[in-house]
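Student: I would like a close look at a single part of this model, namely its nonpolar core, and I would like to see how the rest of the chain relates to that part. Please take the confidence of the prediction into account as you go.

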Amino acid sequence: MVEMNIKALREVIMSTANLKPKALVNLRDEESYAFLNSVRLLVALSDVLEAEVVDALLKEYLSESNEVDYRLKIGEATVKTVETLGPLAIRYRDTLLNCFLTGTRYAVAEFRTSSLSNVGSICRILSYQVHHFFYELFTTIKSIVETDTYLPAKRAALLVLSQLLEGMDGLMDFQEYLLLIYRFLKHVIATDKDDVIKLQAAVALDHLKAKTKDFLQINPQDLEKRMFGRVI
């Protein structure tokens, strides 16, 4: 069991090498209390070693030498720790999203699904200030929905897209992508066999329409000509 006390904090401050044995090793424990205590210590450490804590967590998450179950716990602990940073979490936006987007391409299906969930959580924590990641997020989601054979991953991907479309401001800044997203969602609704995915796509489409009502009322062929100079 990890003890949250001044002595532990002092030891870590004196040597960042102690961060892993003091706060991360117990995440391997199957007992829920050990996980919660580890998260509490990580949160406490982030007050004095903010960058070091985030860096250590992400390195553990991406390390393929670690067991998948442990990496899943690291992902959950990362989200809980970053959430306590509040507005300061924006400092680590690129690092966090790049880490979890990398995880969406991992061979283990459960890890891909967890990474997608973490992407959604980080976007929420950042109040959806993820505009320069928007196209990469969409193409990642689209690829998973179209090619992944693991149903929970496909559902998680569409949920993230729905949350993005609902939470992001300034969608009209991405006019060149809106028609692509619109057609993608319409295609999913029309062709996918899973009712949950069809429902998630419909909800995402409603969010898109609500944010871009006037834009999407333009005749699709006229819209394509305006955006691309021709109908594609």
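Tutor: What follows begins with the chain as a whole, turns to the core, and then moves to some salt bridges and a loop.

The model is predicted, and its confidence deserves a word before any detail is read from it. The mean pLDDT of the protein chain is 83, with 79% of the residues reaching 70 or more. For residues 227-232, by contrast, the pLDDT is below 50, although this stretch still has 14 contacts in the model beyond near neighbours in sequence. Where pLDDT is low, predicted coordinates should not be read in detail, and the contacts of residues 227-232 are therefore best left without a detailed reading.

As for the fold, the protein chain has 13 helices and zero strands, so that its elements, taken from the N terminus on, are α throughout. Of its 232 residues, 47% count as buried. Among the contacts with a separation of 6 or more, 67% are between residues 24 or more positions apart. The accessible surface comes to about 11,800 Å², and carbon and sulfur atoms account for 51% of that area.

The part you asked about, the largest nonpolar core, has 66 residues, and those with the most contacts inside it are I122, L158, L164, L165 and L185. Helix α9 (residues 151-167) supplies the largest share of this core, eight residues. The core also draws at least three residues from each of domain 1 (1-127) and domain 2 (128-217). In soluble globular proteins, nonpolar side chains tend to be buried together. L165 can serve as an example of the surroundings: leaving aside residues up to four places away in sequence, L165 touches F134, L171, I181, L185, A204, H207, L208 and K211. L185, one of these partners, is itself among the residues with the most contacts inside the core.

Charged pairs add a further set of links, since the structure holds eight salt bridges. One of them returns us to helix α9: the side chains of D192 and K154 meet at 3.8 Å, N to O. This pair links distant parts of the chain, with D192 in the loop between α10 (175-191) and α11 (195-211), K154 in helix α9, and their positions 38 residues apart. Both D192 and K154 are buried.

Another salt bridge joins the side chains of E50 and R91 at 2.9 Å, N to O. Here too distant parts of the chain are linked, as E50 lies in helix α4 (residues 50-62) and R91 in the loop between α5 (68-83) and α6 (93-103), 41 residues apart. E50 counts as buried because its relative accessibility is 14%, whereas R91 is exposed, with a relative accessible area of 55%. A further salt bridge, between D94 and R93, has an N to O distance of 3.4 Å, and D94 is partly exposed at a relative accessible area of 35%.

Finally, the loop between α7 (109-125) and α8 (134-147) holds S127, and Y128 has its place in that loop as well. Phi of S127 is near 55°, a positive value in a residue other than glycine, and Y128, which is not a glycine either, has a positive phi of about 60°. As to exposure, S127 counts as partly exposed at 49% relative accessibility, while Y128 counts as buried at 14%.

Key
Residues are numbered from 1 along each chain as its sequence is written. This is a predicted model: local features need pLDDT of at least 70, side-chain atom pairs count only at pLDDT 80 or more; totals for chains, interfaces and linings use all residues. Side-chain values use heavy atoms; hydrogens and water are left out. Helices (H or I, at least four residues) and strands (E, at least two) are DSSP runs, numbered from the N terminus. Buried means under 20% relative accessible area, exposed over 50%, partly exposed in between (1.4 Å probe, protein chains only). Contact means heavy atoms within 4.5 Å. Accessible areas come from the Shrake-Rupley method with a 1.4 Å probe; for residues, only the protein chains shown count as cover. A nonpolar core is a set of buried Ala, Val, Leu, Ile, Met, Phe, Trp, Tyr and Cys residues joined through side-chain atoms within 4.5 Å. Domain bounds come from an automatic or database domain assignment. pLDDT is the predictor's confidence in each residue, from 0 to 100. A salt bridge is a side-chain nitrogen of Lys or Arg within 4 Å of a carboxyl oxygen of Asp or Glu.
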